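Here is a brief report on charged and aromatic side chains. The chain is shown first.

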Amino acid sequence: MNDYRLVDQEPAPQWYGRLRVRTGDLSPAGWLTGPGQGSLATVAGVAAPGFAAYARILHPARLDERPVAWSTVAAAHGTRVTPVSRWHEVIGADEDHVHRFEHGLPGVWDEPPGEGPTPPDVARALLPVLARHTGTPDRCWFGLWSGYGRWDWGRFPVFETPGRYEVLLAGRLADVVSPVTLDEFAELPDLWWPRDRAWIVGGDVDLVSTYVGGSPRLIGDLLATADLEVHPVSAGDPVG
């Protein structure tokens, strides 16, 4: 007998924070659908193919609620971080036995990086860099995976990306963090891109990293951003 009750989903709102949920035309997302988009297991599959350069932004671990860089964790564990490192490699654990470190390493970290789309603190550090590299920061599009269990998105149309069905949202780049006004644990959109398609931000429910595709200049600016832990990657690199 199943002892677990099904979670009652609330009807999804027409406004996700200050982002408007599209109820009709999904053509702004057409360039992200169809053949040639790659595998969800690759950088281009999580973001989008066709950009000149890509970057991986690592979601921080935590110690007493404060962010901790992967490089700090790696130094404490005697490992190193590469552009394609997986979290279990950084803490020196077998992928199937990460639970051995469920309490972290005293004085270094006590919570692993958050899985899912871009965390709000990472998003806030990312926003000013992205805004400098688009001519349309007030006209942006966003994709939110319809499988997040908090709300029932069934009444809205979706577009398909590798391995996911996304609800299309519209709004200003500056408002991408606004869903937390609905619920402090609300997921941010998985995909962000401006109307001029100067760049794309991609994340996924199963990842502890956010990926950005754009110009070499944008990626260079990200690599120089002090509040972000960033590595250059290629479109075909594996994700984690």
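## Charges and rings

Arg 164 lies over the face of Trp 145, at 5.0 Å from the ring centre. The model is predicted. Mean pLDDT for the chain is 92, and 95% of its residues reach 70 or more. Residues 1-6 are a weak spot in confidence, with pLDDT below 50. Beyond near neighbours in sequence, that stretch makes zero contacts in the model.

**Salt bridges.** The structure holds eight salt bridges. Three of them are listed here with their closest N and O atoms.

| Acid | Base | Closest N and O atoms |
|---|---|---|
| Asp 25 | Arg 22 | 3.9 Å |
| Asp 204 | Arg 164 | 2.8 Å |
| Asp 206 | Arg 164 | 3.2 Å |

Take Arg 164 with Asp 204, whose closest N and O atoms are 2.8 Å apart. This salt bridge links distant parts of the chain, 40 residues apart. Asp 204 sits in the loop between strand 12 (200-202) and strand 13 (209-214). Arg 164 belongs to strand 10 (residues 164-171). Both Asp 204 and Arg 164 are buried.

Asp 206 also forms a salt bridge with Arg 164, at 3.2 Å. Asp 206 lies in the loop between strand 12 and strand 13, and Arg 164 in strand 10, so this pair ties together parts 42 residues apart in sequence. Arg 164 has a relative accessible area of 12%; buried means under 20%, so Arg 164 counts as buried.

How exposed are the partners Asp 25 and Arg 22? Asp 25 is partly exposed, with a relative accessible area of 45%. Arg 22 is partly exposed too, at 23%. Elsewhere, Arg 18, Arg 172 and Asp 175 are linked in a network of salt bridges.

**Aromatic pairs.** The count comes to ten aromatic pairs. In one of them, Phe 51 and Tyr 54 have ring centres 6.3 Å apart and planes at 85°, so the pair is edge-to-face. Phe 51 is buried, with a relative accessible area of 16%. Tyr 54 counts as buried at 4%.

Phe 159 and Trp 193 have ring centres 6.4 Å apart. Their planes stand at 90°, so this pair is edge-to-face. Phe 159 lies in strand 9 (residues 158-161) and Trp 193 in strand 11 (residues 191-194), so the pair ties together parts 34 residues apart in sequence. Both Phe 159 and Trp 193 are buried.

Which residues form one aromatic cluster? Trp 31, Phe 51, Tyr 54, Phe 159 and Trp 193 do.

Note on methods: Residues numbered from 1 in each chain as written. Predicted model: local features only at pLDDT ≥ 70, side-chain atom pairs only at ≥ 80, totals over all residues. Heavy atoms only, no water. Salt bridge = Lys/Arg side-chain N within 4 Å of Asp/Glu carboxyl O. Buried < 20%, exposed > 50% of the residue type's maximum accessible area, 1.4 Å probe, protein only. Helix = DSSP H or I, 4+ residues; strand = E, 2+ residues; numbered from the N terminus. pLDDT = per-residue confidence, 0-100. Contact = heavy atoms within 4.5 Å. Phe/Tyr/Trp six-rings, centres within 6.5 Å; stacked < 30°, edge-to-face > 60°. Lys NZ or Arg CZ within 6 Å of the ring centre and 35° of its normal.
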